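Colleague: I'm new to reading folds and would love a close look at a single part of this one. Could you take the sheet and walk me through what surrounds it?

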Amino acid sequence: MKTKCALLLVLLAAAAAAQDSAGRRKVFIDQDIRGAAGTDQQSILVLLQSPEVQVLGISVTSGDGWARAGVANLLRMLELTGHADVPVAMGAQFPLINSQEETRQWEAQYGELNYKGAWNERDYIAPDAVPTPAAGAPATRAISQHGAEFLYQVVSKYPGEVTVWAAGPLTTIALAVRLHPELPALAKELVMMGGGINVPDGGIQQPNGRREFNWWFDPEATRIVLSAPWKKITVTPLDISVKTAGSTPRLRDGLAKSNSRAAKYLTQYGYRGSGGSGYMYDEIAAAAWIDPTLITNQQELWINVDINHGASYGQTIFVEKSVKVPSWWKLATVQFDLDTGRFYRLFLDLMQR
Ligand SMILES: [Ca+2]
C-alpha cells in the first residue's frame, strides 16, 4: 500500500510538472523560414502569443529558405514582437540525400516543379548568405548548440511533457532521432504540417497534392521521423491547408486595427504590399494543437513518404487503418477539415494580444 501511495505521489508530481506554474503546455518548434512573415513566422507567433503555451525553444531548418538566413529573420521577428527571450538554434542546412542537383535532373525527366523553397531559381541566394532581413538586422544571436542537440536537450529535460511541433522539412528532427534514438519515446507527441492525401492544389506540381513541399524537400528525413516510435503523431496536410486563405480583408483589417506588437509586425511585413501568404498551411497545425475542437474532420491513417528516387520521390503514401502493415508504418491522426470561422477568430485574437 505504501508503495502504491508513493507511486501515486510520484505520478501526481509528474502531472503537476507537465504544466508550469501558469499551467502552460510545453512545445519545441522546428520550422523553416521564408521572409519576414508568411505562414512560417505567423504559425510561430500563434504558439508564442498563446497564454496556454510555453515555447521552450525553436530550431530553424532549411526548406522555404536557407536555415542561416532564416535564423536572422526569426531573431528579428522575436525582437520586434516581444519574444526575444525564446532561445533559437540553427538546425540542418542541407537535406540528408535530396539536393538541388538531383532536383534539376528529376525536373528534366518528370517536369518542372512550381516551388522549390531555398532552391528556387527566381530568388536564389547562396546557402551561407545572410541578407539583412526586411525588418532589419537582429541584435540578438542564436545559441551555439545545433538544433538537433538543442531539441534533444529540451525534450529530455521534461520527459513525456514536450510536444515536438514541426512545420518545415524534417532534417533536424531526423538527425536528432538518429543521434538520440530515445527522443521520440521521451517526447509527449509529434505534431506536423506536411504531406497531402487527396487534394489537387497546394502541392509543388499541380494537380498532384501528394507532392507536398516539406516532405519532398527531404524525403529520407521524413521517412526517419514518421517511422519513429512517437506516442502520438498528428499531421496537418495540404487537404486542410487549401480550406483557408491567409489574406482575407477581415484578417488584414483586424491586424491593421490592432496596436499589438505582433499585429503591427504582420501588418508591416506580412500583409502590406505582398498580398498575403496564400493558404495558412502552418497556422492550422499551431491553432489546432492549441484548440483541437477547430478540427471538424480527421482520420487515422498509416502515413509515410516515398523514398524511391524516381517519378514518385517525396510523395505522400498512406493506407487505411484496417490494412495490415509492417512495423515501420506508424499510425497518425490526419486532419481533413476545420471550422474556418473559429480558426480565423483564434488567429486574430492571438495576434491582437
Ligand atoms: Ca513551414
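**Around the sheet**

Modeller: Let's start in the middle of things: strand 4 and strand 5 (residues 189-193) run parallel and are joined by four bridges. Keep in mind that this is a predicted model. To see one of those pairings up close, find Trp165, whose bridge partner in strand 5 is Val191.

Now look to the other neighbour. Strand 1 is also joined to strand 4 by four bridges, and these two run parallel as well. Here Asp30 stands opposite Ala166 of strand 4.

What about the side chains of strand 4? Thr163 and Trp165 point one way, Val164 and Ala166 point the other way, and all of them are buried.

Zoom out a bit, and you'll find nine strands in an open sheet, ordered 3-2-1-4-5-6-9-7-8, with mixed pairing. Strand 3 (88-90) and strand 8 (316-320) stand at the edges with a single partner strand each, so one side of each has no neighbour in the sheet. From one strand to the next, the twist averages 30°.

Over at the strand 8 edge, the pairing is antiparallel: strand 7 (residues 295-305) and strand 8 share five bridges. If you want a pair to click on there, Ile303 stands opposite Phe318 in strand 8.

Next, the helices. Helix 3 (residues 67-80) lies across strand 2 and strand 3, and runs at about 165° to strand 3.

Helix 6 (residues 171-179) is mostly covered, with seven of its nine residues buried. The buried ones are Thr171, Thr172, Ile173, Ala174, Leu175, Ala176 and Val177. What do they pack against? Their partners include three strands you've already met by name, strand 1 (25-31), strand 2 (53-60) and strand 4 (163-166). The same buried residues also pack against helix 5 (147-157), helix 7 (183-186) and helix 9 (219-226).

One last stop is a pair of helices. Two packed helices are described by the angle between their axes and the distance between the axes. For helix 2 (residues 38-49) and helix 14 (residues 340-351), the axes come within 9 Å and cross at roughly 70°. Helix 2 and helix 14 are therefore roughly perpendicular to each other. Where they meet, helix 2 brings Leu45, Val46 and Gln49, while helix 14 brings Phe347, Leu350 and Met351. Sorted by class, that contact has five nonpolar residues, one polar residue and no charged ones.

Note on methods
Residues numbered from 1 in each chain as written. Predicted model: local features only at pLDDT ≥ 70, side-chain atom pairs only at ≥ 80, totals over all residues. Buried ≥ 20, exposed ≤ 12 C-beta atoms within 10 Å, placed from the backbone. Contact = placed C-beta atoms within 7 Å. Axes fitted to C-alpha atoms, helices over the stretch in contact; angles between N-to-C directions. Parallel < 35°, antiparallel > 145°, perpendicular 65-115°, else oblique. Nonpolar A, V, L, I, M, F, W, Y, C, P; charged D, E, K, R; others polar. Pairing = 2+ DSSP bridges.
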